[in-house]
Amino acid sequence: FKGGDTCEYLLSSGRFLGEKVWQPHSCMMHKYKNSEAKNCLIDKHVVFIGDSRIRQLFYSFIKLINPQVKEEGIKHGNIPFEDKSASIKVDFLWYPEVNGSMRQRIKSWTESSVAKPHIIVVGAATWSIKIHNGSNEALAQYKINITSIAPLLEKLAISSDVYWVLQDPVYEDMLSESRKMITNEKIDAYNEAAVRILNSSSRNSKAKVKVFSVSKLIAQETIMKSADGLHLPESSRDTNAMILMNVYCNKIMKPIDGSCCQPQPPLTLIQKIAFCFFTLSIIGYLIISLIHRNNYRKNKSCTDLESGEEKKPAISTPNVSTLEMLLHCFCKLGLIMTYFYLCDRANLFMKENKFYTHSSFFIPIVYILVLGVFYTENTKETKVLNREQTDEWKGWMQLVILIYHISGASTFLPVYMHIRVLVAAYLFQTGYGHFSYFWIKGDFGVYRVCQVLFRLNFLVVVLCIVMDRPYQFYYFVPLVTVWFMIIYATLAVWPQIVQKKANGNCLWHFGLLLKLICLLTCIYFLSYSQGAFEKIFSFWPLSKCFELNGNVYEWWFRWKLDRYVVFHGMLFAFIYLALQKRQMISEGKGDPLFSNRVSNVLLFISIVSFLMYSIWASSCKNKTECNELHPSVSVVQILAFILIRNIPGYVRSVYSSFFAWFGKISLELFICQYHIWLAADTKGILVLIPGYPMFNVLVSTFIFVCVAHEISQITNDLAQIVVPKDNSTLLKRLLCIAGFFSGLHFFSAMQDQSRH
């Protein structure tokens with residue numbers, strides 16, 4: 001990456017993704033809505049000066065502000081436009097030739113008493129070629145005229161944004177007889193003259209006229225669709241207008257998915273503190289490593305020449321080894337977080353927009369599924385949803401979700417609905433796993449709760465600090481965290497009903513069912529009472545965790561989308577464990593789960609249910625309506641999959657170690673993808689190797705998976721240190737963690753105050 005300004009890339013280079021999606025080189029282009037365009041251009045004056053091609057660009061630009069505008073102005077005259085609601089004024093001035101008249105108009109804006117336009121877009125040449133029949137004298141005069149205008153434009157560029165639009169190529173075969181002299185050779189000569197003369201006298205980088213040359217590239221691909229061989233098709237000029245909007249507005253609006261022309265965000269106070277902490281950790285670890293190495297050399301086993309005895313090296317104390325492990329973890333984490341920051345906050349690596357095609361999604365899916373089959377091994381145990389099987393389930397689901405995100409498949413509704421089932425299946429496993437643990441173990445101690453909360457939230461808390469993002473931004477972790485606490489509260493609250501107690505008296509089973517019914521009632525009430533839900537999570541300090549963009553609506557939407565599936569997971573665990581205790585199912589190796597007849601019937605029903613859900617999801621026409629039904633029906637496909645996977649004994653007895661390996665780091669993969677695989681907070685794709693999309697994905701994926709695996713190990717190591725089993729030590733650590741979050745809140749408040 002040569003560095004440089006992404007605005008230059010936006011204005012000069014790029015390629016088409018498909019037919020109508022333009023991808024600038026090295027950065028992402030935001031698609032501006034009318035409201036966003038108005039907010040950006042409020043109280044602004046924009047002027048387009050030139051011929052009929054510039055008039056086309058003018059109309060496309062004002063349609064971004066008001067789509068209802070019709071192209072009804074005078075063809076060879078000035079056309080005004082005004083949006084009074086936002087005080088936006090956009091004018092088209094008819095100057096088809098670069099001559100004295102154009103120079104006089106531009107000169108009038110350089111006078112101090114006249115209000116200058118905020119944006120000036122200029123371009124003309126084809127009329128000069130046409131009127132003078134493509135003569136060399138006309139080109140020479142064009143050079144003289146543009147030389148006289150250039151200093152004026154450069155003077156205006158000090159306070160305004162000035163763009164010179166290079167001439168697009170023509171489709172010579174379609175030109176009318178009166179335009180046959182307008183050849184691409186002549187157009188190239190005029191463009192070359194403009195580029196050479198503009199900015200030739202300017203030494204001030206702020207006083208540069210921006211050359212809008214990307215339109216040439218767009219025209220080369222689309223001019224064949226022109227109606228007359230001269231004017232661009234509508235889709236192409238709309239792309240040019242959107243590029244112009246991105247060049248000016250991205251630095252003002254700062255859209256997440258518009259990295260072009262955006263300056264690097266300044267480091268916040270909390271980020272600076274984090275940087276200092278990780279730096280000190282690295283220095284501390286290096287110092288301790290050097291001390292240990294020196295001690296090792298001094299105390300190294302050697303033979304005493306006099307006695308012939310071997311000297312024993314000194315043994316390091318446990319406190320030093322714990323400190324060293326802590327610093328080692330933070331040292332590695334600091335280096336990893338530096339990579340995160342460089343990928344998605346510094347303007348070091350390129351970013352590109354996603355573009356969905358069926359092949360970009362389904363071909364990788366088929367590939368990884370085939371690959372997973374090659375790594376089939378026997379399970380250590382053959383119980384329903386055993387550890388290897390759940391890891392495998394998490395693994396292939398996570399890989400599918402990753403492919404879904406990088407391919408931009410959310411635009412294809414049937415795929416979106418199936419991915420929603422995979423997210424629901426994760427939450428189903430949350431309900432199933434935690435319920436099973438508490439029901440069987442009866443362990444409601446603080447240690448267990450702290451271990452789970454630490455493992456779930458450690459990476460996200462670090463990313464919130466380093467990447468300057470709110471907790472709710474990483475929505476899945478808050479979701480599983482809250483559901484874990486709900487499961488814990490449901491089972492831990494009096495009376496605590498566990499399997500050991502229920503085995504002594506069957507009435508306790510009804511007591512537990514009553515608890516589950518109460519939980520379902522609360523879920524139902526909150527899902528249909530947005531006001532009550534928002535009040536609960538708007539109280540401090542919950543509001544600090546669950547607000548996004550100043551409100552908790554996003555959190556309510558995410559919670560509501562899969563509101564019943566955790567309950568379904570708990571209920572399934574309860575029924576399964578009850579059947580298992582009464583030996584009503586057979587879990588021997590190779591044995592079907594039930595009798596042959598019952599197994600065959602259930603297997604048939606499961607396959608039909610699985611396919612019926614897929615047919616329904618594929619026939620969805622409206623995302624909102626399908627999302628309303630999803631919480632109630634997603635469990636159908638989840639249960640169908642579990643039965644298909646577990647009823648046949650031979651299927652239950654094997655698993656894919658390939659998928660299981662990814663399943664063990666699925667949480668880290670899900671979170672890390674935000675910044676070091678995708679880019680711009682998941683809106684785009686990270687580009688480490690420009691120009692080679694497939695090779696880039698291979699390299700970035702390799703680094704991404706290695707980082708996720710390393711973070712998983714770091715989290716496990718730190719969990720043993722930060723969350724000890726000893727209650728008195730654990731209490732001290734919890735007080736330290738409370739102090740840490742209090743300090744974080746204090747610095748966050750200072751940060752917010754400085755921003756305002």
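Throughout this tour, buried means under 20% relative accessible area, exposed means over 50%, and partly exposed is in between (1.4 Å probe, protein chains only). The model is predicted: local features need pLDDT of at least 70, side-chain atom pairs count only at pLDDT 80 or more, and totals for chains, interfaces and linings use all residues. Residues are numbered from 1 along each chain as its sequence is written, and side-chain values use heavy atoms, with hydrogens and water left out.

**Stop 1: a surface patch.** Select valine 608, which sits in helix α23 (residues 596–618); helices (H or I, at least four residues) and strands (E, at least two) are DSSP runs, numbered from the N terminus. Valine 608 is partly exposed, at 35% relative accessible area. Now add Val601, Phe604, Ile605, Ile607, Leu611, Met612 and Ile615: with Val608 they form a nonpolar surface patch of about 760 Å² accessible area together. Patch members have over 30% relative accessible area and no salt bridge; like charges are joined within 9 Å, nonpolar side chains (Val, Leu, Ile, Met, Phe, Trp, Tyr) within 5 Å. The areas come from the Shrake-Rupley method with a 1.4 Å probe, and for residues only the protein chains shown count as cover.

**Stop 2: a hairpin.** Go to strands β1 (residues 14–17) and β2 (residues 21–24), which pair in the antiparallel sense over four bridges; pairing requires that DSSP finds at least two bridges between two strands. Leucine 17 has valine 21 as its bridge partner in β2. Three residues separate the strands of this hairpin, and glycine 18 in the turn has a positive phi of about 80 degrees.

**Stop 3: from β1 to β9.** Stay on β1 and show arginine 15 with glutamate 352: their side chains meet in a salt bridge (3.0 Å, N to O). The term stands for a side-chain nitrogen of Lys or Arg within 4 Å of a carboxyl oxygen of Asp or Glu. Glutamate 352 lies in strand β9 (residues 350–353), so this pair ties together parts that are 337 residues apart in sequence. Glutamate 352 is buried at 13% relative accessibility, whereas arginine 15 is partly exposed at 34%.

**Stop 4: aspartate 681.** Which two arginines should you show with it? Arginine 345 forms a salt bridge with aspartate 681, with the closest N and O atoms 3.1 Å apart, and arginine 469 meets aspartate 681 in another at 2.6 Å. Aspartate 681 is buried, with a relative accessible area of 2%.
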